[in-house]
Amino acid sequence: MRRKTAIITGAATGLGSEFAKYLALRVAGDPNTGFEEIWLIDRDAEELRKTAAVVQKIAGRKDASAPVCRYFSMEFEDDDYKRYLRALLNREKPYITWLIQCEDLKHDGDFSVHGSAAEADMVRINCEALTYICHEALPYFYGESHILLPTAADAFLPHPGSAVYTASKTYVFSFGLALAKELQHRNIHVTLVCPGMGVSCMVDHLEDVAGGSDGQMEKMFLAGTKDVVVKAVKDAREGKNISLRIIPTGALRAIRAAKA
């Protein structure tokens, strides 16, 4: 039997994990865009298993009709995931109500510092995999539904030391806005999720920028991850194409003070 399904990629940790928890708790029972299954996809099978257990526990708090949480390990650097994903969708034929694509890879440093393979992997995961997964999923969307594409504040202002990563986020931003127009006649709403600098799971470099230590900057910025998720889902339901979460004022002051 075909089931209404939410699919989240990059779901093992960070933003993807928070989306999975929030959807299971607050969205699953929605009469329009609710779902019976939630699929978590990422590369780390062990972290996926842990996240899936938490999500299933959260979903199970509600009632006997709580959604079933399933997880699938896929390596996006390897083209084998394409055959696996296509076969999975063809076999299960889900009715997709939510597709949230949080797969993400970032290498800091000047373009010439890293090997060509490392730079190409960022494009492969942040652009190619996102495009492929979205395209393969489209035939399975059902009624009113949502696509959320997390990008970054970096998409607005590419900067040295992160050339390929910021360019990849600019691609996602442009792709998402165009896709929103193309799919509006199908009642598929596309929302670009633009957390402020450092709210996503890619925040390790902030300690170097601000001179922090012992994870101080990471804790400060990751505290906003749940806020990003809540706002993104709310904005998506309201039909907004962009959900922007500005960097917390207190955190911005801390960076300026540390650099002074």
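In strand β2, Ile38 is the bridge partner of Ala6. The model described here is predicted.

**Strand β2 and its neighbours**

Ala6 and Ile38 belong to a parallel pairing: strand β1 (residues 4–9) is joined to β2 by five bridges. β2 also runs parallel to strand β3 (residues 68–73), with six bridges between them. In that pairing, Val68 of β3 is the bridge partner of Glu37.

| Strand pair | Bridges | Direction |
|---|---|---|
| β1 (residues 4–9) and β2 | five bridges | parallel |
| β2 and β3 (residues 68–73) | six bridges | parallel |

Together with helix α1 (residues 14–26), β1 and β2 form a β-α-β unit, which is right-handed.

Is β2 enclosed or open, and why? Six of the six residues of β2 (residues 37–42) are buried, so the strand is largely enclosed by the rest of the structure. Glu37, Trp39 and Ile41 point one way from the strand, while Ile38, Leu40 and Asp42 point the other way; all are buried.

**The nonpolar cores**

The largest nonpolar core has 39 residues, and those touching the most other members are Met74, Phe76, Leu99, Phe141, Ile147 and Leu149. β2 is among the elements that give two or more residues to this core, as are α3 (80–92), β4 (95–101), α4 (116–137), β5 (141–150), α5 (163–183) and β6 (188–195). A second, separate core has 32 residues, including Ala6, Leu48, Ala59 and Cys102.

What does Leu149 touch? Leaving aside residues up to four places away in sequence, Leu149 touches Gln101, Leu130, Val172, Phe175, Gly176, Val190, Thr191, Leu192 and Val193.

Definitions and conventions. Residues are numbered from 1 along each chain as its sequence is written. This is a predicted model: local features need pLDDT of at least 70, side-chain atom pairs count only at pLDDT 80 or more; totals for chains, interfaces and linings use all residues. Side-chain values use heavy atoms; hydrogens and water are left out. Buried means under 20% relative accessible area, exposed over 50%, partly exposed in between (1.4 Å probe, protein chains only). Helices (H or I, at least four residues) and strands (E, at least two) are DSSP runs, numbered from the N terminus. Two strands pair if DSSP finds at least two bridges between them. A crossover is right-handed if, with the strands pointing away from the viewer, the path from the first strand over the helix to the second runs clockwise. A nonpolar core is a set of buried Ala, Val, Leu, Ile, Met, Phe, Trp, Tyr and Cys residues joined through side-chain atoms within 4.5 Å. Contact means heavy atoms within 4.5 Å.
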